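Q: Could we go through this model together, beginning with the overall fold and then turning to the side chains?

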Amino acid sequence: SDDPNASRWGRYFNLFAVSSQFDGKLIGESEIAYSALAFSPLAEQQPLMTRLGVNGKWGKAGYGLSYRTFGQGFVPLAGARVEHERDESQLWGEYDFGLFRLRGAAGETFETDSFTQQLTLTRTAATSFHINKPTWSVLLSSSYSSIGRSQPLNAKSFAFANGLALIYRPV
């Protein structure tokens, strides 16, 4: 195109599709995006993101799974440039008990360092407890991650994180 800002800001293309079946009990989503915002991708880079997801709600139970891939050089609209190819998958479920909502999730991220060819596999399990009232809410969260690297041979590390969010909304 002849747009002078296109070369300055890069290009972005996004295609998103969604389909809902069984009154919202099964919702399928797919997305593909090309983005080289503010950067010129190198010849070997594929600045693409693809995503497939299925989720739904049945009564007070919610559930879902998703799979995303990021190509090296992809730049999300609200984030930093993806330096290394990455695949992410997540499975989650939640239940609304009325007074509070409990959610559990498990996920996996697989990343290849484009410079060293080192592989990193991160597996995470998380849970959250959420109370939401008209003037306040509380969120307690906890997660555990196992991070495995191919070099040095089968190197592993672990991460444990807890969170607390308190929100007050004056009326």
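A: The exchange below covers the strands, then the aromatic rings, then the charged side chains.

Q: What kind of model is this, and what limits apply?
A: This is a predicted model, in which local features need pLDDT of at least 70, side-chain atom pairs count only at pLDDT 80 or more, and totals for chains, interfaces and linings use all residues. Residues are numbered from 1 along each chain as its sequence is written, and side-chain values use heavy atoms, with hydrogens and water left out.

Q: How many strands form the sheet, and in what order?
A: Nine strands make up an open sheet, ordered E1-E2-E3-E4-E5-E6-E7-E8-E9, with antiparallel pairing. Strands here are DSSP runs (E, at least two residues) numbered from the N terminus, and two of them pair if DSSP finds at least two bridges between them.

Q: Which strands stand at the edges?
A: Strand E1 (12-21) and E9 do; each has a single partner strand, so one side of each is left without a neighbour in the sheet. From one strand to the next, the twist averages 10°, where axes are lines fitted to C-alpha atoms and angles run from 0 to 180 degrees between N-to-C directions.

Q: How do E7 and E8 connect?
A: A hairpin of three residues joins E7 to E8. Strand E7 (residues 119-132) pairs with strand E8 (residues 136-149) over 13 bridges in the antiparallel sense, and Asn132 has Ser137 in E8 as its bridge partner.

Q: And how many bridges join E8 to E9?
A: There are 14 bridges between E8 and strand E9 (residues 155-168), which run antiparallel. Within E9, Phe158 stands opposite Ser146.

Q: Changing topic, how many aromatic pairs are there?
A: A search of the whole structure finds five. Rings of Phe, Tyr and Trp (its six-membered ring) pair if their centres lie within 6.5 Å; planes under 30 degrees apart count as stacked, over 60 as edge-to-face and the rest as tilted. The rings of Phe70 and Phe74 are centred 6.0 Å apart with planes at 50°, so this pair is tilted.

Q: Are Phe70 and Phe74 buried or exposed?
A: Both Phe70 and Phe74 are buried. Buried means under 20% relative accessible area, exposed over 50%, and partly exposed in between (1.4 Å probe, protein chains only).

Q: What about Tyr95 and Phe97?
A: Tyr95 and Phe97 form an edge-to-face pair, 4.8 Å centre to centre with 65° between the planes. Tyr95 is partly exposed at 37% relative accessible area, and Phe97 is partly exposed at 44%. Ring pairs also link Tyr95, Phe97, Phe100 and Phe129 into a cluster.

Q: Which charged end sits over the ring of Trp92?
A: That of Arg103, 4.1 Å from the ring centre. Lys25 lies over the face of Trp58, at 5.5 Å from the ring centre. The criterion is NZ of Lys or CZ of Arg within 6 Å of the ring centre and within 35 degrees of the ring normal.

Q: How many salt bridges does the structure hold?
A: The structure holds seven salt bridges, each defined as a side-chain nitrogen of Lys or Arg within 4 Å of a carboxyl oxygen of Asp or Glu. In one of them, the side chains of Arg51 and Glu31 meet at 3.1 Å, N to O. That pair links distant parts of the chain, with Arg51 in strand E3 and Glu31 in strand E2 (residues 26-35), 20 residues apart.

Q: Are Arg51 and Glu31 buried or exposed?
A: Arg51 counts as buried at 16% relative accessibility, and Glu31 counts as buried at 17%.

Methods. Helix = DSSP H or I, 4+ residues; strand = E, 2+ residues; numbered from the N terminus.
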